Amino acid sequence: MIEQAPALIVVIPLISALFITIIGLYQPRVSWLLTIITFALSSIFAFICLKQVVTVGPISYVFGNWPAPFGIEYAIDHLNALIVLMICVVAFLVAIYSKHDIIKELGDKIPHFYSLFTLLVTGLLGITLTGDAFNLYVLLEISALTSYALLALSGGRAYIATFNYLIMGTIGACFYLLGVGYLLINTGSLNMADISVILSSNTYSYTVLVAFLFIMIGMWTKMALFPLHSWLPNAYTYAPTSTSCLLAPLMTKVSVYVMLRMMTSVFNYDYIFNVLQWQHIIVALAVIAILAGSVLALRQDNLKRMLTYLIVAEIGYMVGGAWLGNANGFTGASYHIIADGFMTLCLFLAIGCIIYKVGDASLSSMKGIFTKMPITMVGFLIGAFSMIGIPPTCGFFSKWYLISGAYEASAWAFLVALLISSLVNAVLFFRIIEVGYFQALPSEEPNHHHPKITRDEAPLTMLIPLLTTAGLLIGIGLYTADIVTYLIHPFIKNFL
Amino acid sequence: MEFIINYYNYIIVVIIMMLGLWGMLALSNLVKKLISMAIFQTGIILFYISMGAKKGASIPIIKQAYDEHHHPIHQTINNMDYANPLTQILMLTAIVVGVATLGLGLALTQRVYSEHKSLHEDEILETLS
């Protein structure tokens with residue numbers, strides 16, 4: 001059983017997606033329970049894998065006993081064991097959270113939502129685990145297709161926003177496929193480890209350059225790096241809240257992971273940083289992404305929309321960190337995938353609770369929100385502190401690694417951009433605190449002497465995931481040293 | 001000239017792909033965008049197929065020959081006689097993905113039309129503002 005764990009992580013949600021559709025036809029409410037059980041099981045197996053990777057070392061799982069270069073291999077090392085666990089936990093928390101929200105927003109589409117939900121996470125888990133470049137493309141498209149359906153579920157303006165995402169997402173995936181085609185011409189192999197061995201023994205030709213370029217542009221489109229970001233804000237803003245809670249922490253981060261995986265496991269350090277020497281251009285792009293994302297976030301009145309622009313800025317952090325080309329920058333980028341996943345989740349869950357109770361997420365409707373929903377706002381504040389980078393939360397530590405990496409690489413523009421972005425985040429969130437805490441509830445304004453406190457919290461199924469995530473942010477922050485020493489450094493050692 | 005003769009399949013593929021990519025980004029009718037997407041994906045499929053093709057090669061099924069006592073005869077297999085099956089198998093999957101994307105895109109287009117009563121991107125933007 002234990003040695004099958006890598007496959008089970010992906011197979012359990014895949015099969016349960018089928019059962020959710022069938023059982024959901026008769027018992028729509030059961031699909032919620034099934035989804036939770038599915039991701040609880042996946043999380044357990046992901047944890048087993050993580051434990052095994054830390055104690056024994058990287059796992060290689062071959063499907064159907066076809067040895068690695070011919071068959072499809074799941075390669076689990078220190079980085080993706082951690083990210084798989086993150087994906088499972090995020091999916092588990094969002095599954096719990098979505099119960100009331102889905103009934104309110106989608107009504108009779110509950111089983112459809114949950115089967116798409118599980119399929120989407122299946123795709124993401126597969127992307128993270130697979131060691132086969134073409135298998136990655138197929139799983140990328142599985143997660144993309146289900147995400148289009150999930151985003152369009154709420155109707156109205158979501159249709160055209162999703163259509164634009166479909167066009168951009170397909171371009172991204174097609175570019176990746178083209179890149180893999182060039183690698184196949186050059187090496188005759190699709191297994192990442194095998195390609196890497198063949199590439200490093202050959203001289204680098206233009207074919208490899210084109211392959212690298214196509215794969216990178218494809219992934220940048222998928223992860224919404226600044227000039228290619230236009231699809232993201234609309235798609236995530238008009239989607240059902242539970243969908244954006246699931247997609248915002250996972251989709252873009254998994255694309256960042258694929259970029260890291262391609263840089264480390266297929267191409268190598270020498271080729272990327274010594275032969276190509278694009279790092280200054282890419283870090284400059286990342287700086288523009290951070291600044292543009294922050295400035296655009298400042299202009300938004302709708303909180304959900306504001307968060308989508310913050311995602312654009314955070315993508316700049318990770319791309320920039322990975323392309324600094326030193327250990328600290330790379331540690332920061334890898335650690336930030338986890339940290340950003342949870343802090344985006346935390347903020348989106350909090351905004352979701354507010355939308356559930358208040359009805360919309362514009363800044364003006366935040367008046368008196370601290371009196372109305374104190375527990376939700378505690379979660380929101382911890383997420384906000386992590387976004388700004390205040391010490392006990394994990395956002396501080398990833399920023400610390402990124403800034404030290406920028407200092408080592410003398411990438412001053414990147415360093416300044418990180419600091420400006422932190423300041424902008426502080427302004428953004430303190431603006432909400434100002435409106436929410438110091439401005440009274442609109443209906444209570446006439447009664448100045450005894451403002452009546454009407455607490456109206458979201459249901460427990462929404463609050464518990466929110467508070468768990470907030471706790472995780474602090475927990476991950478406190479265990480930063482362990483995560484970096486046992487998981488990220490062993491991974492980086494092979495690359496640098 | 002020799003370059004064109006040697007690589008004409010790739011040149012055609014690149015032209016097809018660029019037509020598709022241009023259409024996806026530049027055309028404003030949503031259905032035309034989807035058709036361009038299908039053209040772009042077909043270009044990639046042709047790219048993969050043509051990289052695995054060999055002149056005068058057949059399907060990669062090796063027929064085992066036997067002598068009169070029904071013992072298998074050892075044959076030497078020449079790589080150039082058989083086309084590379086890998087790229088074709090990969091493209092079977094890519095075709096499925098392409099069909100699914102196109103179907104989903106058309107379903108979305110239909111919903112966009114019933115929502116905005118138009119398929120033209122500029123007119124849809126006008127109804128939004």
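**A walk through two chains, starting from one helix**

In this predicted model, a good place to begin is helix 10 of chain A, which covers residues 241-266. At 1.5 Å a residue, its 26 residues should span 38 Å, and because the C-alpha atoms at its ends are 37 Å apart, the expectation and the model agree. Helix 10 of chain A nevertheless bends by about 40° at Leu247(A), and a proline, Pro249(A), follows within four residues of that point. This helix is also mostly covered, since 26 of its 26 residues are buried.

From this helix we can step back to the chain that holds it. Chain A has 20 helices and 2 strands. Its radius of gyration is 22 Å, close to the 23 Å that the globule rule gives for 496 residues, so chain A is as compact as a globular protein of that length. Along its principal axes, the C-alpha trace of chain A spans about 80 × 55 × 45 Å, and 61% of the 496 residues of this chain count as buried. If one takes the contacts in chain A with a separation of 6 or more, residues 24 or more positions apart account for 79% of them.

How do the strands of chain A pair? Strand 1, made of residues 59-62, and strand 2 of chain A run in the antiparallel sense and are joined over 4 bridges. One of the residues involved is Tyr61(A), whose bridge partner in strand 2 is Tyr74(A). Within strand 2, which covers residues 73-76, Glu73(A) and Ala75(A) point one way while Tyr74(A) and Ile76(A) point the other way, and all of these residues are buried.

Two loops of chain A deserve a careful look at the backbone. Ala224(A) lies in the loop between helix 8 (206-223) and helix 9 (231-238) of chain A, and its phi is near 65°, a positive value in a residue other than glycine. Is Ala224(A) buried or exposed? Ala224(A) counts as buried because it has 27 C-beta neighbours inside 10 Å, and the cut-off for that class is 20 or more. Ser410(A), in the loop between helix 17 (394-408) and helix 18 (412-438) of chain A, also has a positive phi, near 55°, and is likewise a residue other than glycine. Ser410(A), however, is exposed, because 9 other C-beta atoms lie within 10 Å, and the cut-off for exposed is 12 or fewer.

We now turn to chain B, whose secondary structure comes to 4 helices and 0 strands, following the pattern α-α-α-α along the sequence. A compact globule of 129 residues would have a radius of gyration near 14 Å, but chain B has 23 Å. The C-alpha trace of chain B spans about 80 × 40 × 15 Å along its principal axes, and buried residues make up 22% of its 129 residues. Among the contacts in chain B between residues at least 6 apart in sequence, 60% join residues at least 24 apart.

Helix 1 of chain B, residues 2-26, can be examined with the reasoning used at the start: at 1.5 Å a residue its 25 residues should span 36 Å, and its end C-alpha atoms are 34 Å apart, which agrees. There is also a kink of about 75° in this helix, centred on Tyr8(B). Among the residues of helix 1 of chain B, Val13(B), Met17(B), Gly20(B) and Met24(B) are buried. An α-helix has 3.6 residues a turn, so residues three or four places apart point the same way. What covers the buried residues of helix 1 of chain B includes helix 6 (158-187) of chain A together with helix 2 of chain B.

Further along chain B, Asn84(B) sits in the loop between helix 2 and helix 3. Asn84(B) is partly exposed, because 18 other C-beta atoms lie within 10 Å. Although Asn84(B) and Ile49(B) are 35 residues apart along the chain, their C-alpha atoms are separated by 9.0 Å.

The last step is to see how the chains meet. In this interface, 26 residues of chain B are in contact with 22 residues of chain A. Helix 2 (30-52), helix 3 (85-116) and helix 4 (121-128) of chain B each supply at least two residues to the side of chain B that touches chain A, and helix 3 gives the most, with 14 residues. By class, this side of chain B has 17 nonpolar, 6 polar and 3 charged residues.

Terms used: Residues are numbered from 1 along each chain as its sequence is written. Chains are lettered from A and ligands numbered from 1 in the order in which they are written. This is a predicted model: local features need pLDDT of at least 70, side-chain atom pairs count only at pLDDT 80 or more; totals for chains, interfaces and linings use all residues. Two residues are in contact if their C-beta atoms, placed from the backbone, lie within 7 Å. Ala, Val, Leu, Ile, Met, Phe, Trp, Tyr, Cys and Pro count as nonpolar, Asp, Glu, Lys and Arg as charged, and the others, Gly among them, as polar. Two strands pair if DSSP finds at least two bridges between them. The radius of gyration is taken over C-alpha atoms; the globule rule is 2.2 Å times the number of residues to the power 0.38. The expected span of a helix is 1.5 Å times one less than its number of residues. The bend at a residue is the angle between axes fitted to the seven residues ending there and the seven starting there.
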